[in-house]
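This report describes how some of the helices in the structure below pack against one another, and how the residues of one helix are divided between its two sides.

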Amino acid sequence: LYGILNRPRFLTYRIQQINAQIVNLESCLYPGAIRYDREKVDSSPSDKMPQIVAEIVDLKKERERLEKEVGVSKDTLIRFCESNLSEELDRTVIIMHYIGKQTFEQIGVALSYSKGWVWHTYDRAIDILEEALMKKETK
């Protein structure tokens, strides 16, 4: 169950990691990034720029693929909640928490409920979703 619920968050985190890698690699392409070692003489100098550019291109392709996967996983999560949670409040809490990345306190403020009530609603929704998932797995 938590694999379904957390998939968008995990994918988004991976995209952030890729973005950091791209920024790091792009900084290697700037003229100031070239370092010369006066004491070491390289008898076979090689230009790393094509290798770095190729790595950046590969990372951007991976990022694009993951961004599409984030959309699919969010849609899957929403459909899973809509088909298994009859209460609108239950669906809202789960979606705000897992897709909106909001804390229970933030959800409570937005919906005018206490943090405790949001937690209770979340707990009830998780129980319902776990039961629905177990029923699907036994079929």
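## Helix α4: a buried face and an exposed side

In this predicted model, helix α4 spans residues 104–111, and its buried residues are Phe-104, Ile-107 and Gly-108. Viewed down the axis of α4, these buried residues fall within an arc of 100°, and they therefore line one face of the helix. On the other side of α4, the exposed residues are Glu-105, Val-109 and Ala-110.

The cover over the buried residues of α4 includes helix α3 and helix α5, the latter comprising residues 115–138. After α4 comes Ser-112, which has a positive phi, near 60°.

## Helices α2 and α3: geometry

Helix α3, which contributes to the cover over α4, also packs beside helix α2: the axes of α2 (residues 49–84) and α3 (residues 88–98) come within 10 Å and cross at roughly 160°. Because an angle over 145 degrees counts as roughly antiparallel, α2 and α3 are roughly antiparallel to each other. The crossing in which α2 passes α3 is right-handed.

## Helices α2 and α3: residues in contact

On the α2 side, the contact is made by Leu-77, Ile-78, Cys-81 and Glu-82, which meet Arg-91, Ile-94, Ile-95 and Tyr-98 of α3. Sorted by class, this contact between α2 and α3 comprises six nonpolar residues and two charged residues, with no polar residues.

Conventions
Residues numbered from 1 in each chain as written. Predicted model: local features only at pLDDT ≥ 70, side-chain atom pairs only at ≥ 80, totals over all residues. Heavy atoms only, no water. Axes fitted to C-alpha atoms, helices over the stretch in contact; angles between N-to-C directions. Helix = DSSP H or I, 4+ residues; strand = E, 2+ residues; numbered from the N terminus. Parallel < 35°, antiparallel > 145°, perpendicular 65-115°, else oblique. Left-handed = near helix turned anticlockwise from the far one by under 90°. Contact = heavy atoms within 4.5 Å. Nonpolar A, V, L, I, M, F, W, Y, C, P; charged D, E, K, R; others polar. Buried < 20%, exposed > 50% of the residue type's maximum accessible area, 1.4 Å probe, protein only. Arc of directions from axis to C-beta.
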